[in-house]
Every structure is written in C-alpha cells, then in structure tokens.
There are 2 protein chains.
Amino acid sequence: MAKELPGFRPLYAQVAELLTERIGSGRWKPGAPLPSEFRLADELKVSQGTVRKALDEMASKNLLVRRQGRGTFVAQHSAQTAHFRFFPLVDEAGVKEMPTSTVLAQKTGRAERQEAEALGLPPRAPVHRILRLRRLAGRTVVVERITLSAALFDGLALPIGTEMLEELYVVYEQQFGVTVARADEQLRAVPASAEDARHLGLAAGTPLLEVRRIARDLYGAPLELRIDRCDTSRHCYVNSLD
Amino acid sequence: MAKELPGFRPLYAQVAELLTERIGSGRWKPGAPLPSEFRLADELKVSQGTVRKALDEMASKNLLVRRQGRGTFVAQHSAQTAHFRFFPLVDEAGVKEMPTSTVLAQKTGRAERQEAEALGLPPRAPVHRILRLRRLAGRTVVVERITLSAALFDGLALPIGTEMLEELYVVYEQQFGVTVARADEQLRAVPASAEDARHLGLAAGTPLLEVRRIARDLYGAPLELRIDRCDTSRHCYVNSLD
DNA sequence: CAGTGGTCTAGACCACACA
DNA sequence: GTGTGGTCTAGACCACTGC
C-alpha cells in the first residue's frame with residue numbers, strides 16, 4: 001500500500017491531508033462527526049492504525065476533537081474555546097476573564113499597502129475596517145483595529161455601539177464558513193496616540209502593548225489583520241515557551 | 001501487563017515518566033544516547049511499540065532528539081537551539097539574529113519577596129543577581145535582570161564586561177547540570193526608567209516591552225527569574241497561537 | 001553489512017457514552 | 001448491549017547511518 005518513492009510522504013500524512021481538505025471544502029462542517037476509524041480505514045484502503053495516527057495528528061493541531069465513546073468531531077469555535085486559545089491577556093492574579101466587546105465603527109474602504117500585504121490581497125482591494133473596544137472587569141483595556149477582505153467577508157454587518165456577546169471568530173465560522181486555525185503575532189511597546197488615550201482613559205504617550213496579529217485558516221492563508229493596543233497596567237499578555 | 005485500576009495512567013505515560021526521571025537524575029546526561037527501543041522494551045517488560053510512544057511523546061516535548069539510523073539522544077542546549085527556542089525577538093524583516101551579551105554586574109544578596117515567590121524559595125534566601133545587556137545588529141536592544149538561587153547555582157561566576165559567547169542556558173546545563181525545559185512569560189508595556197534609558201540610549205519614559213520570564217526544569221520547578229526590558233523600535237517579539 | 005528509528009498492519013482488550 | 005476511541009502488543013518492511 002505504501003509507495004516508498006524518494007521524497008514521498010508517509011501514508012498517515014497523506015490521509016491527514018485528504019481529511020483536512022474535506023474539512024476545508026465544507027464536506028464536513030464544524031461540529032459534525034467524522035466516520036469511525038474503521039469506516040475511514042475501509043474507505044481509504046489503509047489500516048485503522050494509520051487512520052488513527054492521522055486523526056491524532058489533526059487533533060493535536062486542534063483541527064479535530066476526539067471523545068472516547070462518542071466519536072471524532074470537526075473542531076468548532078465557541079466563545080469559550082476562541083477565548084482560551086486566542087486571548088492571551090490575564091489579570092494580575094493570572095486569571096483569564098471573558099472580555100466584553102463593543103464595536104464603535106465598521107467601514108469599507110480600499111486596502112493600504114501594509115494591509116494588502118498582510119492579507120495577501122492585491123493593492124487597493126476592498127476591505128472592511130472595524131474599530132472595537134474590549135473591556136475586562138469593567139475597564140476598557142484594548143483598542144482593537146481589524147481589517148478583513150470585503151470579498152471574503154461579503155455582507156459583514158456588525159452591531160454598532162452595543163455589547164457583542166459572540167467572539168468574532170465564531171461569527172467568521174458560522175456566517176462565512178471560514179475557520180481561524182492559527183495566528184501569528186508581533187508584539188511591541190508603543191506610546192498611546194491621542195485616540196488610544198481617549199478610548200482607554202489614559203494620558204497620550206502612555207506605554208501600550210501593541211499586538212499585531214494575522215489570523216490564518218487551515219492552510220495558513222491570512223484571513224484577518226488585527227492590531228490591538230492594550231493597557232497593561234492591570235493586565236498582562238502571557239505566553240509559554242515549549 | 002497493564003493495570004487498569006480507576007485513575008491509573010497509561011503504560012506509555014508511566015514509561016515516559018520513568019525515563020524522564022532517569023534524565024533528571026543525571027543517569028543519562030544531555031547529549032548521551034539512550035538504549036534502543038528494543039533494549040528498553042526488554043528491560044521494562046513492555047512492548048517496543050509502548051516504548052516508542054513514550055519516546056515520541058518525550059521528543060515532542062523537546063526532551064529527546066531522535067535520529068533515524070543513529071539513535072535517540074537526550075536533548076542538549078546549544079547556542080543555536082537555546083536561541084531559537086527561547087529568544088523570540090526578530091528584526092523588522094522577521095529574521096532571528098544571534099544576540100551578543102555583556103554582563104555588567106553579578107552580585108549576591110537576599111531574595112526580595114517577589115523573587116522568592118517566583119523562584120519558590122524561602123524569604124530572604126541567598127540569590128545571585130545579574131545585569132546584562134544584549135545587542136542585535138550592533139544596537140543595545142535589551143536590558144536584562146536575572147535572579148537565580150545561589151544555593152542551586154553555587155559558585156556561579158560570569159565574566160564581567162566582556163562579550164559572552166555562550167547562551168546562559170548552556171552554562172546552566174554544563175556547569176550546574178540543570179536543564180531549562182520550559183519558560184512562562186508575562187509581557188507588559190512600561191516606561192523606560194532612567195537606568196534603562198541610559199543603557200539603551202533612549203529618553204527616560206520611552207515605551208519598552210517588559211518580558212518577565214520564569215524558566216523551569218523538566219518537572220516545572222522554577223530555576224530562573226528574568227526580567228527583560230526591550231527596545232521594540234526596530235525589533236519585535238513574535239509568537240504563534242496554535 | 002548490521003543496527004537504528006520510521007511506517008504500516010493486524011488483532012486484542014479496555015473505558016466510556018448512549019440508547 | 002453496541003459502537004466509539006484509547007491502549008497494548010507483535011511482526012513486517014523500509015530508510016538512514018556508520019562500520
């Protein structure tokens with residue numbers, strides 16, 4: 001069964017790739033159960049052990065959720081999971097709180113050079129821009145500026161001025177069928193602009209933590225550019241190396 | 001062979017734990033080869049597949065390095081590996097450069113409350129404190145303050161004022177037999193103190209990225225408290241989520 | 001060449017979830 | 001009970017390394 005030509009990939013990796021494509025193509029939607037290991041093995045003409053290794057690999061990348069006795073399911077963002085995976089701010093005691101979010105503005109325009117590069121779009125492609133504030137324990141802690149391809153997120157209309165309960169990544173998944181699987185971030189310390197300072201109730205020039213994030217889909221293609229400016233006087237960004 | 005009592009752990013996890021203890025106890029030193037899978041399986045009275053799963057798990061945690069045709073080796077810090085695993089600063093093009101380091105001072109004193117807590121030491125335990133500058137592309141970019149247990153790092157004597165070629169984690173491993181396996185970091189934006197500003201050639205109050213790191217050994221016990229203040233005008237801290 | 005880890009297969013039994 | 005994933009075992013063959 002295994003082809004051992006030079007440069008070839010292991011069977012389980014090919015199986016994982018095939019299954020990932022089925023998820024990406026929408027054949028299996030988020031939350032849906034996959035066929036059992038034995039059914040997949042029969043269908044793909046490989047052993048159950050090989051399917052298992054592929055599924056384990058995909059589960060370790062948070063693409064699948066496996067539950068003993070129940071089955072294997074396509075991973076699905078929820079307010080909870082998106083929060084714990086993609087919101088690294090904690091309070092001084094190290095506790096992750098659920099933030100509240102309010103969209104101040106959503107506008108459509110043409111991508112600046114930097115935005116187009118980050119999102120892999122042609123110059124001046126149409127984009128949505130979102131300005132959002134996020135609060136923790138009643139304090140506004142983050143000023144967030146988001147840029148999205150207007151072609152990919154066609155018809156996006158966020159409620160302005162009222163508290164959003166849903167995580168944005170849940171909206172992307174449920175309304176536009178795109179899944180955020182990974183994000184790359186660059187962090188810097190910057191002085192608060194006059195606008196940042198007004199939103200955060202601080203003096204202009206106060207040091208803020210700037211987090212520049214590119215969120216990516218299953219294949220690593222960029223979906224969202226997000227620039228957060230965070231007041232780290234009472235919260236901090238946490239990270240573990242290895 | 002497998003005991004299936006409630007709450008018990010899989011055999012391969014027990015094997016991994018046993019092997020981790022052998023490494024931690026110094027029975028197998030960094031860089032040394034482990035016995036082959038079959039020898040370990042014979043010795044431990046489990047199958048080769050179970051040993052393999054334990055070894056794979058440990059390799060995925062960077063505890064071991066496996067090389068086809070050669071064997072399995074205890075992971076070893078080198079200037080290269082320590083740099084790529086534990087130095088998240090890159091330049092504007094996203095390139096990781098090798099930093100140069102100069103120790104300005106090394107003193108011994110008694111732990112402050114915060115230091116003792118971070119390192120899991122009794123109040124006022126003796127500690128080494130190190131002040132170090134790190135340069136990238138000829139610019140001083142990081143002012144680094146390190147606190148270590150003087151009991152654990154007994155006899156530490158770093159060269160003052162001259163450029164250090166070795167990574168500190170290599171020194172810990174080779175001179176003191178302790179391995180940094182993991183690190184937890186907290187990031188904040190802070191204004192440069194007068195001293196920071198002098199070292200970095202900036203104005204006091206300039207926003208700096210403060211990285212507060214606790215480096216831990218194989219078992220998660222804290223080894224080192226390190227507080228870096230970074231000039232992020234030409235470099236940034238990078239991180240990937242999932 | 002012999003020895004190592006890497007892959008693939010097959011079968012057994014266990015723990016868990018749900019009807 | 002039935003079906004699921006989780007663990008353990010055993011054996012085969014491959015690819016890589018170094019003698």
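In the predicted model, 23 residues surround DNA strand C, and those that come nearest are Leu11(A), Thr50(A), Gln68(A), Arg70(A) and Arg52(B). The protein approaches this strand mainly through the backbone of the DNA: of the strand C atoms within 4 Å of the protein, 74% belong to sugar or phosphate, and the rest belong to bases. Two base contacts are made by side chains from the two protein chains. A polar side-chain atom of Gln68(A) is placed 2.8 Å from a base nitrogen of DNA strand C, and a polar side-chain atom of Arg52(B) is found 3.1 Å from a base nitrogen of that strand. At the phosphates, a polar backbone atom of Ser47(A) lies 3.0 Å from a phosphate oxygen of DNA strand C. The surface near DNA strand C draws two or more residues from each of several elements: helix 1 and helix 3 (48–60) in chain A, and helix 2 (37–44), strand 1 (64–67) and strand 2 (71–74) in chain B. Its residues comprise 6 nonpolar, 9 polar and 8 charged.

DNA strand D is likewise surrounded by 23 residues, of which Arg52(A), Leu11(B), Tyr12(B), Thr50(B) and Gln68(B) come nearest. Of the strand D atoms that come within 4 Å of the protein, 72% are accounted for by sugar and phosphate. Several polar contacts reach phosphate oxygens of this strand. Thr50(B) places a polar side-chain atom 2.4 Å from a phosphate oxygen of DNA strand D. Backbone N or O atoms take part as well, with that of Ser47(B) at 3.0 Å from a phosphate oxygen of strand D and that of Glu37(A) at 3.1 Å from a phosphate oxygen of strand D. For this strand, the elements giving two or more residues to the nearby surface are helix 1 (11–24) and helix 3 (48–60) of chain B, together with helix 2, strand 1 (64–67) and strand 2 (71–74) of chain A. The residue classes on the surface near DNA strand D number 6 nonpolar, 9 polar and 8 charged.

The two protein chains were then compared. Chain B is superposed on chain A by a rotation of 180° with 0.0 Å of shift along the axis, at an RMSD of 0.1 Å. This is therefore the relation of a two-fold axis. Of the interface residues of chain B, 100% are also interface residues in chain A, so the copies meet through the same surface.

Within chain A, helix 1 (residues 11–24) packs against helix 2 (residues 37–44) at an angle of about 105°, and the helix axes are 13 Å apart. Because angles of 65 to 115 degrees count as roughly perpendicular, helix 1 and helix 2 of chain A are roughly perpendicular to each other. Helix 1 of chain A contributes Val15(A), Leu18(A), Leu19(A) and Arg22(A) to the contact, and these meet Leu40(A), Glu43(A) and Leu44(A) of helix 2. This contact has 5 nonpolar and 2 charged residues, with no polar ones.

In chain B, Ala203(B) is located in the loop that runs between helix 7 (194–200) and strand 9 (207–216). Leaving aside residues up to four places away in sequence, Ala203(B) touches Ala192(B) and Ala197(B). Glu117(B) is 86 residues from Ala203(B) along the chain, and the C-alpha atoms of these two residues are separated by 32 Å.

Technical notes: Residues are numbered from 1 along each chain as its sequence is written. Chains are lettered from A and ligands numbered from 1 in the order in which they are written. This is a predicted model: local features need pLDDT of at least 70, side-chain atom pairs count only at pLDDT 80 or more; totals for chains, interfaces and linings use all residues. Side-chain values use heavy atoms; hydrogens and water are left out. Axes are lines fitted to C-alpha atoms, for helices over the stretch in contact, and angles run from 0 to 180 degrees between N-to-C directions. Helices (H or I, at least four residues) and strands (E, at least two) are DSSP runs, numbered from the N terminus. Angles under 35 degrees count as roughly parallel, over 145 as roughly antiparallel, 65 to 115 as roughly perpendicular and the rest as oblique. Contact means heavy atoms within 4.5 Å. Ala, Val, Leu, Ile, Met, Phe, Trp, Tyr, Cys and Pro count as nonpolar, Asp, Glu, Lys and Arg as charged, and the others, Gly among them, as polar. Copies are superposed by least squares on the C-alpha atoms of residues with pLDDT of at least 70 in both. A residue is near a molecule or strand if one of its heavy atoms lies within 4 Å of it. A polar contact is a pair of N or O atoms within 3.5 Å; within protein, one must be able to donate a hydrogen and the other to accept it, and residues adjacent in sequence count only if both atoms are side-chain atoms.
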